[in-house]
2 protein chains.
Amino acid sequence: MVTQRKTSPSPAVEAVDTRYLETLMGYNARRAALSIIEVFMERMSVYGLKVVDFSVLSLVTHNPGITSRQLCSTLNILPPNLVGIIASMDRRGLIERRPHPSDGRAMGLHLTEAGLALMKDAEQTAADLESDATSRLSATERKTLIRLLQKIYL
Amino acid sequence: MVTQRKTSPSPAVEAVDTRYLETLMGYNARRAALSIIEVFMERMSVYGLKVVDFSVLSLVTHNPGITSRQLCSTLNILPPNLVGIIASMDRRGLIERRPHPSDGRAMGLHLTEAGLALMKDAEQTAADLESDATSRLSATERKTLIRLLQKIYL
DNA sequence: TATTGTTATACTCTATAACTATA
DNA sequence: TATAGTTATAGAGTATAACAATA
């Protein structure tokens with residue numbers, strides 16, 4: 001006898017219906033970002049780098065002499081939260097802080113040889129991770145996805 | 001005389017070059033997600049809801065009787081961190097916790113009338129926000145973007 | 001023995017206020 | 001007066017361990 005299940009006032013949920021949330025751009029973007037970042041964190045831990053550490057070092061790599069202020073506004077980090085990151089990279093000998101050529105208040109950030117070697121490996125790891133994370137996308141789809149994401153936030 | 005600028009050993013960075021980071025899917029997905037969520041947080045604060053609160057209430061709305069365990073696995077939340085959210089929604093009279101029909105350990109979650117009224121407004125706000133956040137996308141691009149994001153995380 | 005929900009707690013990330021040195 | 005960098009600290013978000021009740 002299974003009639004009881006039919007007359008139960010509040011039956012159990014068997015499969016969760018996520019269709020509504022999946023219509024929301026914010027939900028999808030957040031879930032996709034978190035799933036990539038999860039793998040990113042795992043693989044970057046080999047280098048002792050967190051996600052933001054990698055972003056900072058990458059900007060220093062491609063913008064030698066960049067200042068903390070420029071890093072903050074580019075990456076949307078608050079200045080007090082960058083201090084510890086820079087100090088840590090400095091202690092590890094990955095970056096150097098030299099006087100800014102024209103602004104006595106600022107410091108220009110530069111990669112050391114050790115930092116350059118580490119970032120060469122880290123960026124290779126990031127490239128590998130990219131293909132893994134987007135393995136279900138064609139090359140065209142991948143380019144389209146990045147273009148559309150940039151239309152959202154840029 | 002401006003020769004000094006040319007011979008300066010480490011010139012200042014004028015415009016930050018972000019081209020490398022912008023080739024990374026994780027970076028783009030994260031930036032896009034954060035820019036949408038920032039607006040989402042602002043507009044949902046009217047209802048006293050955080051991003052996760054909205055997701056939880058939304059799943060309860062479309063899955064009456066859903067359990068905490070199901071919410072956790074669906075939204076990738078850890079059980080201890082859901083307890084306070086559920087308790088808060090309960091205190092505010094937005095949800096009810098009824099005994100689960102077949103599992104004595106679990107509680108089935110249901111929206112109250114007040115919760116239903118609030119979510120009707122909140123989902124309308126979410127819909128408005130969706131069009132604002134994706135205003136630079138065509139309807140087709142919007143559908144494509146969601147489809148490609150789901151290929152990443154689903 | 002495994003699972004649901006819970007408490008307590010620790011850790012990380014992000015945000016705010018206030019200070020200094022220089023522009 | 002405004003800005004770059006810093007300190008201290010508060011708050012939000014996320015993680016782990018351990019427990020009682022039930023499966």
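Which residues come nearest to DNA strand D? In this predicted model, 18 residues lie around DNA strand D, and A:Arg69, A:Arg97, A:Arg105, B:Asn81 and B:Gly104 are the nearest of them. Both protein chains are represented in this group. Of the strand D atoms within 4 Å of the protein, 60% belong to sugar or phosphate, and the rest belong to bases.

Several contacts to strand D involve the protein backbone. A polar backbone atom of A:Arg69 lies 2.5 Å from a phosphate oxygen of DNA strand D. For B:Gly104, the distance from a polar backbone atom to a phosphate oxygen of this strand is 2.8 Å. A polar backbone atom of A:Met107 is placed 3.3 Å from a phosphate oxygen of DNA strand D.

The surface near DNA strand D draws at least two residues from each of three helices: α4 (68-75) and α5 (79-91) of chain A, and α5 (79-91) of chain B. Helix α5(A) gives the most, with 3 residues. By class, the residues of this surface comprise 7 nonpolar, 4 polar and 7 charged.

DNA strand C was examined in the same terms. Around DNA strand C there are 18 residues, of which A:Gly104, A:Arg105, B:Arg69, B:Arg97 and B:Arg105 come nearest. Sugar and phosphate make up 60% of the strand C atoms that come within 4 Å of the protein. A polar backbone atom of B:Arg69 is 2.5 Å from a phosphate oxygen of DNA strand C, and a polar backbone atom of A:Gly104 is 2.9 Å from a phosphate oxygen of that strand. A base is also contacted: a base nitrogen of DNA strand C lies 3.0 Å from a polar side-chain atom of A:Asn81. Two or more residues of the surface near DNA strand C come from each of α5 of chain A, α4 (68-75) of chain B and α5 of chain B. The largest share, 3 residues, is that of α5(B). The surface near DNA strand C holds 7 nonpolar, 4 polar and 7 charged residues.

Chain A also contains a pair of strands. Strand β1 (residues 95-99) runs antiparallel to β2(A), and the two are joined over 5 bridges. Within this pairing, A:Glu96 has A:His110 of β2(A) as its bridge partner. Strand β2 (residues 107-111) of chain A is mostly covered, with 4 of its 5 residues buried. A:Met107, whose backbone contacts a phosphate oxygen of DNA strand D at 3.3 Å, falls within the residue range of this strand.

A contact between the two chains involves A:Gln70, which is located in helix α4 of chain A. A:Gln70 counts as buried because its relative accessibility is 16%, under the 20% cut-off. A polar atom of the A:Gln70 side chain lies 2.7 Å from the backbone oxygen of B:Val13.

The largest pocket has a volume of about 530 Å³. It is lined by 24 residues, and those closest to its centre are A:Arg30, A:Arg31, A:Leu34, B:Leu75 and B:Asn76. Elements giving two or more residues to the lining are α2 (25-44) of chain A, and α2 (25-44) and α3 (51-62) of chain B. Of these, α2(A) gives the most, with 9 residues. The lining residues divide into 16 nonpolar, 4 polar and 4 charged.

Terms used. Residues numbered from 1 in each chain as written. Chains lettered and ligands numbered in written order. Predicted model: local features only at pLDDT ≥ 70, side-chain atom pairs only at ≥ 80, totals over all residues. Heavy atoms only, no water. Near = heavy atom within 4 Å. Polar contact = N/O pair within 3.5 Å; in protein donor to acceptor, adjacent residues only side chain to side chain. Nonpolar A, V, L, I, M, F, W, Y, C, P; charged D, E, K, R; others polar. 1 Å grid on protein atoms, 1.4 Å probe; cavity = no way out; pocket = protein on both sides within 12 Å on 5 of 7 lines; lining within 4 Å. Points joined across faces, edges and corners; volume = space filled by probe spheres on them. Buried < 20%, exposed > 50% of the residue type's maximum accessible area, 1.4 Å probe, protein only. Pairing = 2+ DSSP bridges.
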